[in-house]
Every structure is written in structure tokens, then in C-alpha cells.
Amino acid sequence: MNPDLPDPDRIEGAPHPREAPVLFGQTDAKADFLQAYNAGRLHSGWLITGPQGVGKATLAWKIATFLLAEPTGDTGMFADATLAATSLDVPPDHPDAHLTRAGSHPRLFRLVRGPAGQKEDGDKLSQTISVDRVRRLKNFFHMSATDGGRRVVIVDSVDDMAPAAANALLKELEEPPANTTLLLVSHQPSRLLPTIRSRCRELRCHDLPPAALQQALAQAGHDIAESEALTSLSGGSVGRAIALLNLDGLALYAGLIKLLGPLPHVDRPALLTLANSCTGKGAEVRFGLTLDLIDHFLARAARAGLMGEPSTQGAPGEARLLARLSPDDRA
């Protein structure tokens, strides 16, 4: 694959999930997996679900490293039924952990979107995971593991699969090779084939509380002072928070609140300035973010009508504006 292409499973402005030393939050999901593992009920397929950017991929890589480091002999805590695994953490100097961080572990297969078209050196990413990429799993499964250890497949995200690719993956889930675990990351599991969902055990990830969000941002290299606006707009998603920081989303939302403040009167020059900033080549990302933030404001307004003025603000004056525009459920 063209090395100049961005990693399709990495958020811009953050390290790759396999490089994250700590998974913040998601205590319940980690506990659910360890409970199944310790009870000897390790499913071959796991569906890791939840909103985007809350640590699903990081959880998948933590589980993968844990399973790849599983001893194959009859010694060690994994083999002693009296010693239950209490953490997914593997020492960073462990050989399997080192290989996983480097993305070169021979018993790990990473299934993501590839270059558009038929050439592996293409300069654009495909919008979907093609069936050809899924078919490479067969070669991976047919290769004999040199140490006989467990094999792991990470699909990030299964939502990106073309219909033919989803059907091809389903066949692998129906008859998985022995000692193989498939970890499927999904942001919208309701859109998946019901047969895929039925063959996986779900691990549900949730929005991060403010403290965990701040810790995860610091780990990703965004060690900022606690921001009420960022916490409010990100909705507990590290990925969304980083996108807002990268695209100056806090200032954009503050501008929207200022623009909407005089409603029903509108500052037409300011409105045109906003519209012009979202047009032209290279403005596609800003256009998408603007629509997303408008949608966020409408959702906040709806909640304000039902639950009252919010306790946090995405921008100065937002709470007062919401209370005026949406004072009750009828509004």
C-alpha cells in the first residue's frame, strides 16, 4: 500500500490506536471481555460498538495484544485456572507487544480500507473495504503459525465494508479457523448484516466522562486546560474533540452562536461570510463540520425544551440562547 496514504484507522492529530499506552474509560467493556476469557467462553467473533472516537479501536488493539501474548505452553497465568487475568495490559517490552506496536506481528491481520482502484500504490483511499481485501484473510488463515499461537483479525471498521465484502467476512465468521479471534469495530452496528451481528458477542463502549476525556487527549498530545466548551461539543469522544481542535471547531461554534443570537433577525453579511467559508476547493471538511455543529445545536435546543437550560455551554451565551429559543417542550 502507498506509504503516503493516511492510515484509514487513525484519527488525524492522534497516534495510531496500537500505540496508545493506556485505554481510558471503557471499564465495563474490558471487564466483560476478561470475564468471558477467564470463564473459558472466548467467542471467535467480537463486535466492539459505540460512538466514534471513544476508544473502540484502542480496545481492539489492547485485546489483540493480550491474546497474541498468550503463552502456548502449559505454564504462566493464562494456563493456571486458579489465576484469573485481571487486566488487558501487557508489558511494553514483551516481544508480542513490540511486534504489535510496530504493526508487524505475523499472527495479526489488520483489515482496513485500501487504495481506490486495483493498484496498491494508488494515491487515494477507497471509501469501502473491498471484497478482494477480505479474501486475503484466507491466505492469512492458511499460513501455519510458527509458534502455534492464537491468531487475531482486527476489522476497522466493519461499517466500511462493501456488500460483497460483508458477505465474504460472514463466511469466515460462520466457520472460523481454530484458535482465531476476529475483532470487528463498528460505529453503527444497526446497519450491519443481522447475521454478522448474531455471530459476534458485543462489547459496548460508551462516551468518556470529562476526566477520562482530558486524560485521553493528553495522551494523544493535546494537553490542554479543562475546556467546558470542548467537553460539551465533543460529547465524550476523543476523536471528535481532536477534530474540533484541528479544525478550529470551538471558534466556529462560537461564531454560529453569535450568528444565531439575534434570531429571528439575521445578520446577512455574517451569514454570507460563513457560507463563503464553506465553499470552494479544500473547504469540504469545514462544510461538513459546520453542518455537524448546526445539527448539534438543534439537538441541544430540543433537549433544552424538554429538560431545561443545559449545565454546560459549547460557547459563551449558548445556554441563554437555548433558553430563549426553546423554553418548553412545545417550542
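**Exercise 1.** Find which residue lies over the face of tryptophan 61, and state how far from the ring centre.

*Solution.* Begin with the criterion: a charge sits over a ring if NZ of Lys or CZ of Arg is within 6 Å of the ring centre and within 35 degrees of the ring normal. In this predicted model, where local features need pLDDT of at least 70, side-chain atom pairs count only at pLDDT 80 or more, while totals for chains, interfaces and linings use all residues. Residues are numbered from 1 along each chain as its sequence is written, and side-chain values use heavy atoms, with hydrogens and water left out. The residue over the face of tryptophan 61 is arginine 18, at 5.8 Å from the ring centre. A second case is arginine 151, whose charged end sits over the ring of phenylalanine 140, 5.7 Å from its centre.

**Exercise 2.** Describe the aromatic pair that phenylalanine 109 and phenylalanine 140 form, after the pair of tyrosine 37 and phenylalanine 66.

*Solution.* Rings of Phe, Tyr and Trp (its six-membered ring) pair if their centres lie within 6.5 Å, and planes under 30 degrees apart count as stacked, over 60 as edge-to-face and the rest as tilted. A search of the whole structure finds 6 aromatic pairs. Among them, tyrosine 37 and phenylalanine 66 are edge-to-face, with 5.0 Å centre to centre and 75° between the planes. Tyrosine 37 belongs to helix H1 (residues 27-38) and phenylalanine 66 to helix H2, 29 residues apart, where helices (H or I, at least four residues) and strands (E, at least two) are DSSP runs, numbered from the N terminus. Phenylalanine 109 and phenylalanine 140 form a tilted pair, at 5.4 Å centre to centre and 45° between the planes. This pair links strand E2 (residues 108-111), which holds phenylalanine 109, with helix H4, which holds phenylalanine 140.

**Exercise 3.** Determine where aspartate 292 and arginine 240 lie, and whether aspartate 292 is buried or exposed, or in between.

*Solution.* A salt bridge is a side-chain nitrogen of Lys or Arg within 4 Å of a carboxyl oxygen of Asp or Glu, and the side chains of aspartate 292 and arginine 240 meet in one at 2.4 Å, N to O. Aspartate 292 lies in helix H12 (residues 284-307) and arginine 240 in helix H9 (residues 238-246), so the pair ties together parts that are 52 residues apart in sequence. Buried means under 20% relative accessible area, exposed over 50%, and partly exposed in between (1.4 Å probe, protein chains only). At 31% relative accessibility, aspartate 292 counts as partly exposed, and arginine 240 is partly exposed too, at 21%.
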